[in-house]
Amino acid sequence: MRRGLEASVTGRTVAHVDVLHPRAVRRHDGSSADFAARLLRRTLGPANRRGKYLWLPLGPGEPEEALVGHLGMSGQLLVQPAAAGDQRHLRVRVSFADAGPELRFVDQRTFGGMAVEPLSGAGVPASVEHIARDPMDPQFDDIAFAAALRRRRTGLKRALLDQSLISGVGNIYADEALWRSRLHFARPTQTMTKAATAGLLAHVRAVLGEALDQGGTSFDALYVNVNGESGYFDRSLDAYGQAGEPCARCGTAIRREPFMNRSSFFCPRCQPPRARAAG
DNA sequence: CGGAGCTCCTGGGGGC
DNA sequence: TGCCCCCAGGAGCTCC
């Protein structure tokens, strides 16, 4: 989605903004009208991403604020011809001075939203500053992550989903990386050695890299790129959503357990609750 | 303070 | 067919 935004809206100047649902801009510090007014006649800069936050600095000139989007559970940022009919859950429409395709924020559940926010000196919006770097970010610090993990007193998957420690790893990719690492979701973080964490990070990066190559994990039309196209990483899932299916390594049935008001999928044989004694 | 549960929404799908 | 319940790629708030 970030790549798609950069290719299709960066460098364009906003001519009109429609907020069709006020809840979609509830994180904006001001009214819907203020949100629209702050975007008018601004030029969108290059697209940035951290975790599930996306932002485009606002020109012209040295950017002091940015258009920030968060997708929540069901948000989409689509680039659509102005003539295309409104999507059912269209929340925000941004039209451009060149009369080319519109940027549309579509969100069924409205857990996501958009805002115009000031940028810090480092060029990061205020609402994104507490979000850790993504493991695909060259500046992600593996050593610091391993140390932070050992300081935590919680379960491994909880830590992977904690965006202040590491971002970009959601429920699906956490389960996939844990399966590849043969680690149980509740493994105490303080038992994670530097080597175990290095191995886990390698698997996290492999999972994210493969998913990006395949356009993401798309169960249905909710999960799409800016052109509305679904990815197909769901065909590569070894754990997530595979309850009852044989583990691709050992044949044991994958198990589903309730976890943080959602689900964890794991192989009870490959990923035992306690660390293996050796090997 | 860090950690964990609850909650904000809408809709699809399965079971009865 | 209809209804009810469960579930869903997230994360902020509030309590302990």
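Biologist: Which atom of DNA strand B does a polar side-chain atom of Arg158 lie 2.5 Å from?

Modeller: A phosphate oxygen. Bear in mind that this is a predicted model.

Biologist: OK. And what does Arg152 have 2.9 Å away on DNA strand B?

Modeller: Also a phosphate oxygen, with a polar side-chain atom of Arg152 on the protein side.

Biologist: What about Arg109, which part of DNA strand B is 2.9 Å from its side chain?

Modeller: A base oxygen, lying 2.9 Å from a polar atom in the Arg109 side chain.

Biologist: Which residues surround DNA strand B?

Modeller: Arg23, Arg88, His89, Gln108, Arg109, Phe111, Arg152, Arg153, Thr154, Arg158 and Asn261. Of the strand B atoms within 4 Å of the protein, 62% belong to sugar and phosphate.

Biologist: How do the residues near DNA strand B divide into nonpolar, polar and charged?

Modeller: Six are charged, four are polar and one is nonpolar.

Biologist: Switching to DNA strand C. How many residues are around it, and which come nearest?

Modeller: There are 21 around strand C, and Tyr53, Thr217, Tyr223, Tyr240 and Arg262 come nearest. For this strand, sugar and phosphate make up 53% of the atoms within 4 Å of the protein.

Biologist: You listed Arg262. What does its side chain lie 2.6 Å from?

Modeller: A base nitrogen of DNA strand C; the Arg262 partner is a polar side-chain atom.

Biologist: And which strand C atoms do His70 and Arg256 go to?

Modeller: Phosphate oxygens. His70 has a side-chain N or O atom 2.8 Å from one, and for Arg256 the distance from a polar side-chain atom is 3.2 Å.

Biologist: Which element gives the largest share of the surface near DNA strand C?

Modeller: H5, with three residues. Helix H5 covers 171-181, and strand S11 (262-266) also supplies at least two residues there. By type, that surface has seven nonpolar, nine polar and five charged residues.

Biologist: New topic, packing. Which residues touch the most other members in the largest nonpolar core?

Modeller: Phe145, Tyr173 and Leu200, in a core of 37 residues. Helices H3 (142-151), H4 (156-161), H5 and H6 (194-213) each supply at least two of its residues, as does S11.

Biologist: What is Tyr173 in contact with, leaving aside neighbours within four places in sequence?

Modeller: Gly168, Val207, Leu208, Ala211, Gly216, Thr217 and Phe233. Thr217 is also among the residues that come nearest to DNA strand C.

Biologist: And how many residues are in the other core, apart from that one?

Modeller: 26, including Ala24, Leu67, Leu71 and Val116.

How values were computed. Residues are numbered from 1 along each chain as its sequence is written. Chains are lettered from A and ligands numbered from 1 in the order in which they are written. This is a predicted model: local features need pLDDT of at least 70, side-chain atom pairs count only at pLDDT 80 or more; totals for chains, interfaces and linings use all residues. Side-chain values use heavy atoms; hydrogens and water are left out. A residue is near a molecule or strand if one of its heavy atoms lies within 4 Å of it. A polar contact is a pair of N or O atoms within 3.5 Å; within protein, one must be able to donate a hydrogen and the other to accept it, and residues adjacent in sequence count only if both atoms are side-chain atoms. Helices (H or I, at least four residues) and strands (E, at least two) are DSSP runs, numbered from the N terminus. Ala, Val, Leu, Ile, Met, Phe, Trp, Tyr, Cys and Pro count as nonpolar, Asp, Glu, Lys and Arg as charged, and the others, Gly among them, as polar. A nonpolar core is a set of buried Ala, Val, Leu, Ile, Met, Phe, Trp, Tyr and Cys residues joined through side-chain atoms within 4.5 Å. Buried means under 20% relative accessible area, exposed over 50%, partly exposed in between (1.4 Å probe, protein chains only). Contact means heavy atoms within 4.5 Å.
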